[in-house]
Amino acid sequence: MALTWTHKDRGEIRLHEDLEELSIDLVDYIAEISEASIKEHGAFCIVLSGGSLINLMGKLVEPPYNKIVDWSKWYVFWADERVVGKNHDDSNYKLAKDNLLSKVNVFPRHICSINNHTVSAEEAGTEYEFAIRQMVKARTVTASENSDCPKFDLILLGMGSDGHVASLFPNHPALEVKDDWVTFLTDSPEPPLERITFTLPVINSAASVVVVATGESKANAVHLAIDDLPSLESTLSLPARLVHPTSGNLIWFMDKPAGSKLDRFKFSE
Ligand SMILES: O=C(O)[C@H](O)[C@@H](O)[C@H](O)[C@H](O)COP(=O)(O)O
């Protein structure tokens with residue numbers, strides 16, 4: 001059975017027995033937020049990431065989810081993208097298309113992917129932000145009440161073992177960008193070098209942010225991102241710790257190996 005609790009300022013933590021339990025809980029949560037958002041404003045604006053997250057969402061294409069989700073109201077975005085062709089194996093768009101979007105009835109015109117191969121990273125970022133600004137203007141994407149940012153219904157993030165989220169890496173200047181919704185990197189610490197990413201203000205303006213972390217290699221970053229620790233540079237500038245929705249919900253979906261260094265988990269053993 002999952003162990004769940006709410007940390008006073010790091011959100012809700014759901015520590016699962018195994019990946020099967022985690023993926024069921026994750027798709028239940030996505031289906032629930034999808035229904036609530038469609039009821040509230042007629043659309044569900046979901047932001048995807050790369051990595052194992054997409055496989056963990058796999059049950060969405062199976063019954064009952066594939067039948068109960070109103071795919072026609074989904075609008076799909078990406079938190080980050082690698083600058084590679086859309087058919088390249090490293091493309092976050094391709095990963096989601098092959099494993100999720102091609103198997104459900106999301107309208108192709110509702111898929112707001114990042115043009116990552118015919119223009120430079122900088123231009124692709126500018127175009128992506130422009131497209132989102134048009135959708136905020138048209139009120140498909142809600143505007144935040146607290147910032148000059150879009151308020152996505154749900155942003156799904158993976159987390160690297162260095163604590164990076166989207167393509168926001170520890171100590172990278174992209175972490176400091178405040179005035180743009182989208183920024184770009186040409187010196188990513190992980191390949192490929194060129195990437196496009198949402199900035200922290202956009203992530204922190206969402207109605208709901210989910211961070212998914214699985215496996216023992218994430219345990220230290222999870223501990224640094226969640227536990228009460230002295231304010232050291234290593235914790236203060238850890239991207240996953242800087243995920244802190246201003247008025248939205250933050251939920252961590254983890255398996256036990258990823259949560260094994262959390263104070264609460266150690267004490268509950
Ligand atoms: O662009 C990338 O470098 C990856 O997509 C990366 O951001 C990934 O999302 C995390 O490293 C978590 O990956 P896993 O969930 O597969 O461990």
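**Figure 1. Pairing of strand 3 with strand 4 in the predicted model.** Strand 3, comprising residues 44-48, runs parallel to strand 4, and 5 bridges join the two. Within this pair, C45 lies opposite Y75 of strand 4. The model shown here and in the following views is a predicted one.

**Figure 2. The open sheet of 7 strands.** The strand order is 1-2-10-9-6-3-4, and the pairing is mixed. Strand 1 (3-7) and strand 4 (74-78) form the edges; each has a single partner strand, so one side of each lacks a neighbour in the sheet. On average, neighbouring strands of this sheet are turned by 20° against each other, direction ignored. Strands of a sheet pair through backbone hydrogen bonds, in either the parallel or the antiparallel sense.

**Figure 3. Strand 9 and its two partners, strand 6 and strand 10.** Strand 9 spans residues 208-213 and is mostly covered, with 6 of its 6 residues buried. In a regular strand, side chains alternate between the two faces of the sheet. On one side of strand 9 the buried residues are S208, V210 and V212, and on the other they are V209, V211 and A213, so that both faces are covered. Strand 6 (residues 154-158) runs parallel to strand 9 and is joined to it by 4 bridges; L156 stands opposite V210 of strand 9. The pairing of strand 9 with strand 10 (residues 249-255) is likewise in the parallel sense, over 6 bridges. Here S208 stands opposite N249 of strand 10.

**Figure 4. Strand 8 between strand 5 and strand 7.** Strand 8 comprises residues 195-198 and is covered on both faces: R195 and T197 are buried on one side, I196 and F198 on the other. Strand 5 (residues 80-82) pairs with strand 8 in the antiparallel sense over 3 bridges. In this pairing, T197 of strand 8 is the bridge partner of D80. Strand 7 also runs antiparallel to strand 8, and 4 bridges join them. V182 stands opposite F198 of strand 8.

**Figure 5. The surroundings of the ligand.** The residues around the ligand are S49, G50, G51, S52, L53, R82, G158, M159, G160, H164 and E190. By class, this shell has 2 nonpolar, 7 polar and 2 charged residues. One of the surrounding residues, H164, belongs to the loop between strand 6 and strand 7 (182-185). H164 is buried, since 24 other C-beta atoms lie within 10 Å, and 20 or more such atoms define a buried residue. The C-alpha atom of H164 is separated by 23 Å from that of E123, which is 41 residues apart from H164 along the chain.

**Figure 6. The buried and exposed faces of helix 5.** Helix 5 (residues 121-137) has 17 residues, and the distance from its first C-alpha to its last is 24 Å, close to the 24 Å expected at 1.5 Å a residue. Its residues A121, A124, G125, Y128 and I132 are buried. Seen down the axis of helix 5, the buried residues fall within an arc of 100° and therefore line one face of the helix. An α-helix has 3.6 residues a turn, so residues three or four places apart point the same way. The face of helix 5 turned away from the buried side carries the exposed residues F130, Q134 and K137.

**Figure 7. Two cis peptide bonds that precede proline residues P64 and P192**. The peptide bond joining P63 and P64 is cis, with omega about 0°. P64 is in the loop between helix 2 (53-56) and helix 3 (65-68). The bond from P191 to P192 is also cis, and its omega is near -10°. P192 is in the loop between strand 7 and strand 8.

**Figure 8. Positive phi values at R139 and N171**. R139 is not a glycine, yet its phi is positive at about 65°. This residue, R139, is placed in the loop between helix 5 and strand 6. R139 is exposed, as 11 other C-beta atoms lie within 10 Å. N171, likewise not a glycine, has a positive phi of about 60°. The loop between strand 6 and strand 7 contains N171. With 12 other C-beta atoms within 10 Å, N171 is exposed, because a count of 12 or fewer defines that state.

Key: Residues are numbered from 1 along each chain as its sequence is written. This is a predicted model: local features need pLDDT of at least 70, side-chain atom pairs count only at pLDDT 80 or more; totals for chains, interfaces and linings use all residues. Two strands pair if DSSP finds at least two bridges between them. Axes are lines fitted to C-alpha atoms, for helices over the stretch in contact, and angles run from 0 to 180 degrees between N-to-C directions. A residue is near a molecule or strand if its C-beta atom, placed from the backbone, lies within 6 Å of it. Ala, Val, Leu, Ile, Met, Phe, Trp, Tyr, Cys and Pro count as nonpolar, Asp, Glu, Lys and Arg as charged, and the others, Gly among them, as polar. The expected span of a helix is 1.5 Å times one less than its number of residues. The arc is that of the directions from the helix axis to the C-beta atoms.
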